[in-house]
Amino acid sequence: MTFRHLVFIAGFVIALPFLVYLLYLSHSQSVEPTQIIFLAFAFSVTFPTLILMSLLLFRSLGVLVFALPAYIALIIAGYTRTYMAFGIQCGGQATQTLRDCLYYSVAIFTNTGCPDCAPAPELRILAASEAFFGYLALGVFCACLIVILVRLIASDTPRR
């Protein structure tokens with residue numbers, strides 16, 4: 001077994017408890033807000049780490065093609081669920097609907113802003129972390145797009 005395989009297995013073992021906890025919470029009847037905040041933050045930190053480890057160790061862009069959209073969907077879903085548990089202010093009224101919370105989460109993640117909605121006071125730091133991870137995802141996407149384009153250009157050069 002090589003060093004790359006050992007690091008990959010270690011990363012998977014570290015991420016596995018968070019995945020099991022997500023499954024537990026998704027089937028739980030009552031969920032405390034602190035559990036949801038922990039889960040959102042844990043996925044925000046664990047998943048990009050696994051993506052970057054995969055890129056560094058295996059140098060495979062195929063991993064990123066599948067991992068980055070999954071990361072984005074999981075992060076937006078986790079934060080949406082958090083906003084649904086705590087509630088947000090939309091149009092001056094408190095709301096916990098999926099539609100409003102998903103709209104707010106996507107607006108924060110993509111950093112487009114959402115002037116008509118605001119998080120509950122205890123979620124302001126969490127909303128800022130979602131914006132940070134949105135910047136991180138955009139940066140990783142742009143970097144990988146450049147790598148793909150450079151590889152395509154390099155493969156099209158005529159050989160002598």
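**Close-up 1. Cys114, a buried cysteine in a predicted model.** Cys114 has a relative accessible area of 10%, so this residue is buried. The model is predicted. Cys114 takes part in no disulfide. The nearest cysteine sulfur belongs to Cys117 and is 3.8 Å away. A disulfide requires the two sulfur atoms to be within 2.5 Å, so this pair does not qualify. Cys114 is also among the residues in contact with Tyr104.

**Close-up 2. The disulfide between Cys90 and Cys117.** The structure holds 1 disulfide. Cys90 is joined to Cys117, with an S to S distance of 2.0 Å. This bond links distant parts of the chain. Cys90 lies in strand β1, residues 88-90. Cys117 lies in strand β3, residues 117-119. The two cysteines are 27 residues apart. The torsion about their S-S bond is about 95 degrees, so the disulfide is right-handed. Both Cys90 and Cys117 are buried.

**Close-up 3. Cys101, a cysteine in no disulfide.** Cys101 is in no disulfide. The nearest cysteine sulfur is that of Cys90, 7.3 Å away. The relative accessibility of Cys101 is 0%, so this residue counts as buried.

**Close-up 4. Gln93 and Cys117, from strand β2 to the disulfide.** Gln93 sits in strand β2, residues 93-95. Its relative accessibility is 56%, so Gln93 counts as exposed. Cys117, by contrast, is buried. In sequence, Gln93 and Cys117 are 24 residues apart. In space, their C-alpha atoms are 9.1 Å apart.

**Close-up 5. The salt bridge of Arg99 and Asp100.** The count comes to 1 salt bridge. Arg99 and Asp100 form this pair, and their closest N and O atoms are 3.6 Å apart. Side chains of opposite charge can pair when their charged atoms come close. The two partners differ in exposure. Arg99 has 67% relative accessibility and therefore counts as exposed. Asp100 has 16% and therefore counts as buried.

**Close-up 6. The largest nonpolar core.** This core has 24 residues. Those with the most contacts inside the core are Tyr71, Tyr79, Tyr83, Ile88 and Tyr104. At least two core residues come from each of α3 (61-86), β1, α4 (98-109) and α5 (124-156). In soluble globular proteins, nonpolar side chains tend to be buried together.

**Close-up 7. The surroundings of Tyr104.** Tyr104 is one of the residues with the most contacts inside the largest nonpolar core. The contacts listed here leave aside its neighbours within four places in sequence. Tyr104 touches Tyr83 and Ile88. Contacts with Cys114, Cys117, Ala118 and Pro119 follow. Ala127 is another partner of Tyr104. Of these partners, Cys117 also belongs to the disulfide.

**Close-up 8. Glu130, a buried charge in helix α5.** Glu130 is found in helix α5. Glu130 is buried yet has no salt bridge. Arg124 is the nearest side chain of opposite charge, 13 Å away. A salt bridge needs the nitrogen and the carboxyl oxygen to be within 4 Å, so this separation is too long for one. Leaving aside neighbours within four places in sequence, Glu130 contacts Ile76, Tyr79 and Tyr83. Ser105, Ile108 and Phe109 are also in contact with Glu130.

**Close-up 9. Ser129 and the backbone of helix α5.** Ser129 lies in helix α5. Its relative accessible area is 14%, so Ser129 is buried. The side chain of Ser129 reaches the backbone oxygen of Leu126 at 2.6 Å.

**Close-up 10. Asn111 in the loop between α4 and β3.** Asn111 belongs to the loop that runs between α4 and β3. Asn111 is not a glycine, yet its phi is positive, about 60 degrees. With a relative accessible area of 30%, Asn111 is partly exposed.

**Overview. The whole chain.** The chain has 5 helices and 3 strands. From the N terminus on, the order is α-α-α-β-β-α-β-α. Of the 160 residues, 36% are buried. Among contacts with a separation of 6 or more, 61% join residues 24 or more positions apart.

Technical notes: Residues numbered from 1 in each chain as written. Predicted model: local features only at pLDDT ≥ 70, side-chain atom pairs only at ≥ 80, totals over all residues. Heavy atoms only, no water. Helix = DSSP H or I, 4+ residues; strand = E, 2+ residues; numbered from the N terminus. Buried < 20%, exposed > 50% of the residue type's maximum accessible area, 1.4 Å probe, protein only. Core = buried A, V, L, I, M, F, W, Y, C linked by side-chain atoms within 4.5 Å. Contact = heavy atoms within 4.5 Å. Polar contact = N/O pair within 3.5 Å; in protein donor to acceptor, adjacent residues only side chain to side chain. Lys, Arg positive; Asp, Glu negative; His and termini not counted.
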